[in-house]
Amino acid sequence: MKILIAEDKRNFAVQIGRALEGEGHSVTLAADGSEALRLGRSAEFDLLLIDVMMPRMDGFEVVRRIRDLRLETQAIILSARDSMQDIVTGLDAGADDYLTKPFALDVLLAKVRATERRIPARAPRELRCEDLVLRPWMFELQRGERVAVLTRTECALLEILLRRAPAVVPHGALIEEAWGPGCDVSFDSLYVFIRALRGKITQPGEPELLHTVRGVGYCLRAEAG
């Protein structure tokens with residue numbers, strides 16, 4: 001796994017990192033909460049091991065923000081703060097486990113192995129159709145040399161369309177998958193988002209990829225059919 005260790009006590013972080021590397025993992029260190037969030041936002045990491053009391057941003061807040069981004073990175077809090085309230089706060093913030101210091105290294109390694117078993121096989125980092133590339137973890141698309149930033153909803157819609165391309169995705173299915181079952185989103189609202197997305201996918205002079213199938217839905221493919 002790719003593991004991010006966020007710990008301001010460098011010697012302690014290095015000790016844990018060497019043990020994890022000895023088990024075949026790739027390890028990156030962050031010395032404060034802001035650095036941990038900056039690195040963690042990339043979604044490159046399978047697991048975050050994070051202390052609570054760190055400079056610039058505490059571990060609880062880092063985990064909250066990572067969860068707000070809907071990243072699937074697992075998180076284990078490693079902290080000397082061992083009160084019941086601290087543990088509850090950490091888990092409610094979005095941590096998957098909480099280990100109080102001091103702890104046996106073997107216990108941490110066992111928890112990491114358990115985490116690895118829970119992580120499904122990674123989906124492809126990039127999704128493609130012709131010369132269109134979506135990087136969902138960065139909320140951006142690339143068309144040739146051109147890069148466009150997407151909103152969260154635009155990114156969700158494009159990811160659904162790319163995963164099903166070249167099939168037509170019905171209006172209702174797009175709404176349900178992008179916003180969730182039972183959501184109150186009209187076809188007219190969906191059209192507004194699709195129109196904005198189409199403007200980012202296709203600029204003047206570029207072949208159209210996002211097509212409307214009237215009365216049915218939308219699809220991604222090189223030519224309308």
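## Two open sheets and a hairpin in a predicted chain

Among contacts between residues at least 6 apart in sequence, 55% link residues at least 24 apart. The model behind this figure is a predicted one. The secondary structure of the chain adds up to eight helices and 12 strands, and the C-alpha trace spans about 65 × 35 × 30 Å along its principal axes. Of the 225 residues, 44% are buried. The exposed surface of the chain comes to about 11,700 Å², with carbon and sulfur atoms supplying 51% of it. As for charge, there are 31 positive and 34 negative ones, and their mean positions sit 1 Å apart.

A good place to start is the five-stranded sheet. This sheet is open, its pairing is parallel, and its strands come in the order β2-β1-β3-β4-β5. At the edges are β2 (26-30) and β5 (97-100); each has a single partner strand, so one side of each has no neighbour in the sheet. On average, neighbouring strands here are turned by 20° against each other, direction ignored. Zooming in on one pair, strand β1 (residues 2-6) runs parallel to β2, and five bridges hold the pairing. One of the matched positions puts Ile 3 with Val 27 of β2 as its bridge partner.

Helices pack on this sheet too. Helix α2 (residues 33-40) lies across β1 and β2 and runs at about 140° to β2. Helix α5 (residues 105-118) touches β1, β3 (47-50), β4 (74-79) and β5, and its direction makes about 165° with that of β4.

Further along the chain comes another open sheet, this one with four strands. The order is β6-β7-β8-β9 and the pairing is antiparallel. Here β6 (127-129) and β9 take the edges, and because each has just a single partner strand, one side of each is left without a neighbour in the sheet. Neighbouring strands in this sheet are turned by 20° against each other on average, again with direction ignored. Four bridges join β8 and β9 in the antiparallel sense, and Leu 141 has Ala 148 in β9 as its bridge partner. Helix α6 lies across β6, β7 (132-135), β8 and β9, running at about 125° to β7. Helix α8 (residues 187-201) packs on the sheet as well, where it touches β7, β8 and β9, and its direction makes about 155° with that of β9.

Two residues give a closer look at this region. Glu 140 belongs to strand β8 (residues 140-143). Is this glutamate buried or exposed? Its relative accessible area is 14%, so Glu 140 counts as buried, the cut-off being under 20%. Leaving out neighbours within four places in sequence, the contacts of Glu 140 are Val 133, Leu 134, Arg 135, Val 147, Ala 148, Val 149 and Leu 150.

The last residue on that list, Leu 150, is found in the loop between β9 (146-149) and α6 (152-164). With a relative accessibility of 6%, Leu 150 is buried. Residues up to four places away aside, Leu 150 touches Leu 134, Phe 139, Glu 140, Leu 141, Cys 155, Leu 158, Leu 197 and Lys 200. Leu 150 and Met 138 are 12 residues apart along the chain, and their C-alpha atoms are separated by 8.7 Å.

That leaves a group of strands centred on β12. Strand β12 (residues 217-220) points Gly 217 and Cys 219 one way and Tyr 218 and Leu 220 the other way, and all are buried. Strand β11 (residues 210-213) pairs with β12 in the antiparallel sense over four bridges, and Leu 210 has Leu 220 as its bridge partner in β12. The two strands make a hairpin with three residues between them, and Gly 215 in the turn has a positive phi of about 75°. Strand β10 (residues 169-170) also runs antiparallel to β12, joined to it by two bridges; Val 169 stands opposite Tyr 218.

Helix α7 (residues 171-179) includes Gly 172. This glycine is partly exposed, at 35% relative accessibility. Gly 172 and Leu 190 are 18 residues apart in sequence, with 9.5 Å between their C-alpha atoms.

Definitions and conventions:
Residues numbered from 1 in each chain as written. Predicted model: local features only at pLDDT ≥ 70, side-chain atom pairs only at ≥ 80, totals over all residues. Heavy atoms only, no water. Buried < 20%, exposed > 50% of the residue type's maximum accessible area, 1.4 Å probe, protein only. Contact = heavy atoms within 4.5 Å. Areas by Shrake-Rupley, 256 points an atom, 1.4 Å probe, with all protein chains shown as cover. Lys, Arg positive; Asp, Glu negative; His and termini not counted. Charge placed at Lys NZ, Arg CZ, Asp CG, Glu CD. Pairing = 2+ DSSP bridges. Axes fitted to C-alpha atoms, helices over the stretch in contact; angles between N-to-C directions.
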